[in-house]
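Let's take a walk through this protein model, going from its interior to the contacts between its side chains. Keep the viewer open as you read.

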Amino acid sequence: MRGSTNVDDYEYHAGPPQEGDANGRHLIFARDAEDIAILGQGTIDGQGSAFWHRKGRRRPTQEELWGDVIAWDYEPATQRRPSPMLEFVYCRNVRVEGITLTNAAGWTMRPVACESVYIRGIRVRNPIFAPNTDGMDLTACRNVFVSDCDIATGDDAICIKSENSYGETLPTKNITVTNCVLSTCCNGFKIGTATHGHVENIVFSNSVIYNDDATPLNERATSGIALEMVDGGTLDGVTISNIRMQNARTPIFIRLGKRTPGAASFLRNVMISGVNATGAILTSSVTGLPEMPVEDITLADISINSSEGGRQEWTRRSVPEQPANYPEARMFGRLPASGLYVRHANRIRLSNLTLKAEAPDARPLVACDDVLDLDIVGLRNTAPAEGQAVIALRGARNVFVHGCTAPIGTQAFIRVSGSGSEGITLRGNDLSRVAQQAVFDDGAAADSVSSQA
C-alpha cells in the first residue's frame, strides 16, 4: 500500500489541527471501532519524501556535533502533510502485527484514547534525517502491549504521551514495551512530550537501543531513555530493565519541568535497572526544579562507559535551571559530572553503578545538588583526572554512602560544597587508595560528614 504524494487526497478528520506534526490527515484512520486489525507481511509506504526537503542550513562543526541532530537538515515542505500515517481514536481491541511501515511524512502510528492495543512484530523504516518521523506515539491509551518491534527512524522511536485533541485527556496507563530493537537520532524510549494528564504503570524491558560505531555523532540517539514531565501532567510508576545501549549519546535523561505556568506536576516512583551502555558522550541526569523535586528514583545495576573526556572548567559553570525549556538531554550544556548529575531530587537510590570514563575526565563521576535522602551503594568507577573527587555534593542532606570502592589514583572520595549539606555518612567503603576521604569548600562544614568503618 502506498500513500499519495498529494495532500488533498487525504480526508481531514476533525479534532486535531489542519497542520503540524499531529494533524487530522492520515493514510489509515479508525475512530470508535472495535476488534480491528492490520496483519500480515505487507508494507505501508507513506512516500514521505514528497512532504519534506533540505533546509540548506550551515554544516555543523566537529565541536557542535555532540548537540546536533541530523534531522535538522530537513524540514516539512508544507505544514499540510498526512501525519500520523496511521491513526486510531477511541478504539478497543486493536491489533497491528507483522507489517512494515516506511517513509512516513510525519509521525508513523498513533493510537489515541484506545483500550487494549496489541502491537507486535512490526518493522518501521524511516530515513534517519526525516523530520518528526516518530516510530509510534502511544497517547492517552490504557492496556497497551508492544513487543518484538524493529524500529529505525528520524525522531523518537517509541514515545508515550498524555494529550488528546479529540476530547478529554484520559490517563495513559498500563503500558508494556518489550523485546524491541530501536535506532534513531533522537530518543529511543521516551515518555513526553506532550504530558498534560496522568501517566502511570509503564514497563520497558529486554530491548536494544543502538547506533553503529561508524554512525556520526549527530545521527546517534540523543537519549536512550528519556522520561520527561513538563506540561503540567504527572508520572507515577515506571519500571525499566535489561536494556542494552550502544552509542546512545546520553543513556538516561529524567526531567521534571514547568512549560505550563502554575502547573503542579510530579515525577516519582521510577526504577531503572540492568542497563549496559557503551559509547556515551553526554552525562546522564535526573533533574527537577527547586519547588518541584523529582522523587523516589532508583538506578540499580547500571554500567555506563563514556568516551566524552570532560574538562575541569565544566565543574565550575553554573548549570541553568531552564524550567520552561523543551526537555532534551543537551538542554543544560556540559554538566559537572562525567557519569550522573542529580539536582532538585528527593529519595534517590543509586545501587551498583559502574561508571567508566574511557578518556581522561576532570569531573566527578557523580554530582548531586539540592538532594534530600540520597543512598549510594556499591559505586565502582575509574579515577577522575586532575584531582577531582569521585562524588561531589552541594546542598545534600541525609546522605548514606556505603559499600563503594575508590580506584587507584583517586585524590579525594567526596567533595562537599556550600553550607547547605548535612548528615552525610560514609560507612563500609574501601578508601585505602584515596589520598583524602573528604574535602570541603565554599563554606561547607567539616562536621557535615561522618566516616565509619
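What follows covers the nonpolar cores, a few paired strands, the salt bridges and the aromatic rings. Bear in mind that this is a predicted model.

Let's start inside. In general, nonpolar side chains of soluble globular proteins tend to be buried together. Here the largest nonpolar core has 98 residues, and the members that touch the most others are Phe88, Ile122, Met136, Leu227, Ile272 and Phe413. Strand 26, residues 340-357, gives this core its largest share, seven residues. A separate core of 11 residues lies apart from it, with Ala329, Met331, Phe332 and Ala337 among its members.

Leucine 227 is a handy spot to centre your view. If you skip its neighbours within four places in sequence, leucine 227 is in contact with Ile191, Leu235, Val238, Ile240, Phe253, Ile254, Arg255, Leu267, Val270 and Ile272. Ile272 turns up in that list, and like Leu227 it belongs to the group touching the most other core members.

Now for some strands. In a regular strand, side chains alternate between the two faces of the sheet. So what covers strand 24, residues 284-287, on each side? Both of its faces are covered: Ser284 and Val286 point to one side, Ser285 and Thr287 to the other, and all of them are buried. Strand 24 runs parallel to strand 22, joined to it by three bridges, and phenylalanine 253 stands opposite serine 285 there. Strand 24 also pairs with strand 26, again in the parallel sense, over four bridges. In that pairing, valine 286 has valine 342 of strand 26 as its bridge partner.

On to the charges. The structure holds 29 salt bridges, and three of them make a nice tour. In one, the side chains of lysine 190 and glutamate 228 meet at 3.7 Å, N to O. Lysine 190 belongs to strand 18 (residues 187-195) and glutamate 228 to strand 20 (residues 223-229), so this pair links distant parts of the chain, 38 residues apart. Are these two partners buried or exposed? Lysine 190 is buried, and glutamate 228 is too.

Next come arginine 259 and aspartate 231, whose side chains form a salt bridge at 2.8 Å, N to O. Both sit in loops: arginine 259 between strand 22 (250-256) and strand 23 (266-280), aspartate 231 between strand 20 and strand 21 (234-246), so the bridge ties together parts that are 28 residues apart in sequence. Arginine 259 counts as partly exposed because its relative accessibility is 30%, while aspartate 231, at 6%, counts as buried. Elsewhere, Arg54, Arg57, Asp68 and Asp73 are joined into one network by salt bridges that share partners.

The third bridge is between arginine 125 and aspartate 150, 2.9 Å from N to O. It links strand 11 (residues 123-125) with strand 14 (residues 150-153), and the two residues are 25 apart along the chain. Arginine 125 has a relative accessible area of 25% and is partly exposed; aspartate 150, at 27%, is partly exposed as well.

Last, the rings. A search of the whole structure turns up five aromatic pairs. Why is the pair of tryptophan 52 and phenylalanine 129 edge-to-face? Their centres are 6.0 Å apart and their planes lie at 85°, so the pair gets that label. Tryptophan 52 is in strand 4 (residues 52-54) and phenylalanine 129 in the loop between strand 11 and strand 12 (136-139), 77 residues apart. Tryptophan 52 is buried, with a relative accessible area of 8%, whereas phenylalanine 129 is partly exposed at 28%. Tyr74 joins Trp52 and Phe129 in one aromatic cluster.

Compare that with tyrosine 118 and phenylalanine 145, which are stacked, with 5.1 Å centre to centre and 10° between the planes. Tyrosine 118 is in strand 10 (residues 115-120), phenylalanine 145 in strand 13 (residues 142-147), 27 residues apart. Tyrosine 118 is partly exposed at 25%, and phenylalanine 145 is partly exposed at 37%. Arginine 95 also lies over the face of tyrosine 118, 4.2 Å from the ring centre. You'll find another charge over a ring at phenylalanine 332, where the charged end of arginine 343 sits 5.7 Å from the ring's centre. That phenylalanine is one of the residues of the 11-residue core.

Notes
Residues are numbered from 1 along each chain as its sequence is written. This is a predicted model: local features need pLDDT of at least 70, side-chain atom pairs count only at pLDDT 80 or more; totals for chains, interfaces and linings use all residues. Side-chain values use heavy atoms; hydrogens and water are left out. A nonpolar core is a set of buried Ala, Val, Leu, Ile, Met, Phe, Trp, Tyr and Cys residues joined through side-chain atoms within 4.5 Å. Buried means under 20% relative accessible area, exposed over 50%, partly exposed in between (1.4 Å probe, protein chains only). Contact means heavy atoms within 4.5 Å. A salt bridge is a side-chain nitrogen of Lys or Arg within 4 Å of a carboxyl oxygen of Asp or Glu. Rings of Phe, Tyr and Trp (its six-membered ring) pair if their centres lie within 6.5 Å; planes under 30 degrees apart count as stacked, over 60 as edge-to-face and the rest as tilted. A charge sits over a ring if NZ of Lys or CZ of Arg is within 6 Å of the ring centre and within 35 degrees of the ring normal. Two strands pair if DSSP finds at least two bridges between them.
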